[in-house]
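Me: I have a model open and a list of labels I want to challenge. Take me through the reasoning behind each one.

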Amino acid sequence: MSTDIMKQLEKRLQPKIEKALKNTALKLTDELRKCITKDVYDRNKDIISMRMLSSIKTANCSIKSTNSGASGKISVNKDVFKNLKDENGNSIDIEIDDSVFDNFKEYCNKNFEKLFKAEMKKLGIPIK
């Protein structure tokens, strides 16, 4: 294939790859939020409500273009559980258990490719 054709192909595919990566990262971020919420609630249900946890944004994702495509990053703000108030107004400090992140990494390793391929297929580019 000529260099010109490859450049045109890259130019057409790049936005779709970025979109698929962003959608995949959003799904993974939602999964991480669920894992964190479940862990924190299960270990602290006597002092914190699920309603309180559902309003806390613990994980975010960002996507950026690179020379070789796009890259994504999921970040966690561990401090969101510091200095919380329980339903009686008492201060509580809660930490996220490290096993949550280990389990999430395992989930990503098992599911990233499948999720990304599904997102590319939605954008009209099926990948085997």
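Reply: Start with one term: contact means heavy atoms within 4.5 Å. Keep in mind that this is a predicted model.

Me: What is T24 in contact with, leaving aside its neighbours within four places in sequence?

Reply: T24 is in contact with F112, L115, F116 and E119. T24 itself sits in helix α1.

Me: Why is T24 called buried?

Reply: Buried means under 20% relative accessible area. T24 has 0% relative accessibility, so T24 counts as buried.

Me: How do you know that E119 and K27 form a salt bridge?

Reply: The rule asks for a side-chain nitrogen of Lys or Arg within 4 Å of a carboxyl oxygen of Asp or Glu. The closest N and O atoms of E119 and K27 are 2.8 Å apart, so the pair is a salt bridge. In general, side chains of opposite charge can pair when their charged atoms come close.

Me: What makes this pair a link between distant parts of the chain?

Reply: E119 is in helix α3 and K27 is in helix α1. The two are 92 residues apart.

Me: Are E119 and K27 buried or partly exposed?

Reply: E119 has 3% relative accessibility, which is under 20%, so E119 counts as buried. K27 has a relative accessible area of 36%, between the 20% and 50% limits, so K27 is partly exposed.

Me: What else is K27 in contact with, beyond four places in sequence?

Reply: K27 is in contact with L115, E119 and K122. The C-alpha atoms of K27 and C61 are separated by 9.8 Å, with their positions 34 residues apart along the chain.

Me: How many salt bridges are there by this rule?

Reply: The count comes to seven. One of them joins R43 and D39, with the closest N and O atoms 3.0 Å apart. That value is within 4 Å, so the label holds. Both residues lie in helix α1, four residues apart, about one turn of the helix.

Me: Why is R43 called partly exposed, and D39 buried?

Reply: R43 has a relative accessible area of 42%, which falls between 20% and 50%, so R43 is partly exposed. D39 is at 13%, under the 20% limit, so D39 counts as buried.

Me: What makes K110 and E106 a salt bridge?

Reply: Their side chains meet at 3.3 Å, N to O, which is within 4 Å, so the pair qualifies. K110 and E106 both lie in helix α3, four residues apart, about one turn of the helix.

Me: Is K110 exposed or buried, and what of E106?

Reply: K110 is exposed, because its relative accessible area of 62% is over 50%. E106 is partly exposed, because its 44% lies between the limits.

Me: Which residues do salt bridges with shared partners join into one network?

Reply: K27, E119 and K122.

Me: How do α1 and α3 cross?

Reply: Their axes come within 9 Å and cross at roughly 150°. The crossing is right-handed. The residues of this contact divide into 16 nonpolar, two polar and six charged.

Me: Which residues touch the most other members of the largest nonpolar core?

Reply: L32, I36, V40, F81, L84, I94 and I96 do, in a core of 19 residues. The elements giving two or more residues to this core are α1 (3–44) and α3 (98–122). Helix α3 gives the most, with five residues.

Me: Where does V40 make contacts, leaving aside its neighbours within four places in sequence?

Reply: V40 is in contact with L53, F81, I94 and I96. A second, separate core of five residues includes A20, L21, F116 and M120.

Me: Why is Y41 called partly exposed rather than buried?

Reply: Y41 is at 23% relative accessibility, and buried means under 20%, so Y41 counts as partly exposed. Y41 is found in helix α1. Not counting residues up to four places away in sequence, Y41 touches I48, S49, M50 and L53. The C-alpha atoms of Y41 and I94 are separated by 9.9 Å, and the two are 53 residues apart along the chain.

Terms used:
Residues are numbered from 1 along each chain as its sequence is written. This is a predicted model: local features need pLDDT of at least 70, side-chain atom pairs count only at pLDDT 80 or more; totals for chains, interfaces and linings use all residues. Side-chain values use heavy atoms; hydrogens and water are left out. A nonpolar core is a set of buried Ala, Val, Leu, Ile, Met, Phe, Trp, Tyr and Cys residues joined through side-chain atoms within 4.5 Å. Buried means under 20% relative accessible area, exposed over 50%, partly exposed in between (1.4 Å probe, protein chains only). Axes are lines fitted to C-alpha atoms, for helices over the stretch in contact, and angles run from 0 to 180 degrees between N-to-C directions. A crossing is left-handed if the near helix is turned anticlockwise from the far one by less than a right angle, and right-handed if clockwise. Ala, Val, Leu, Ile, Met, Phe, Trp, Tyr, Cys and Pro count as nonpolar, Asp, Glu, Lys and Arg as charged, and the others, Gly among them, as polar.
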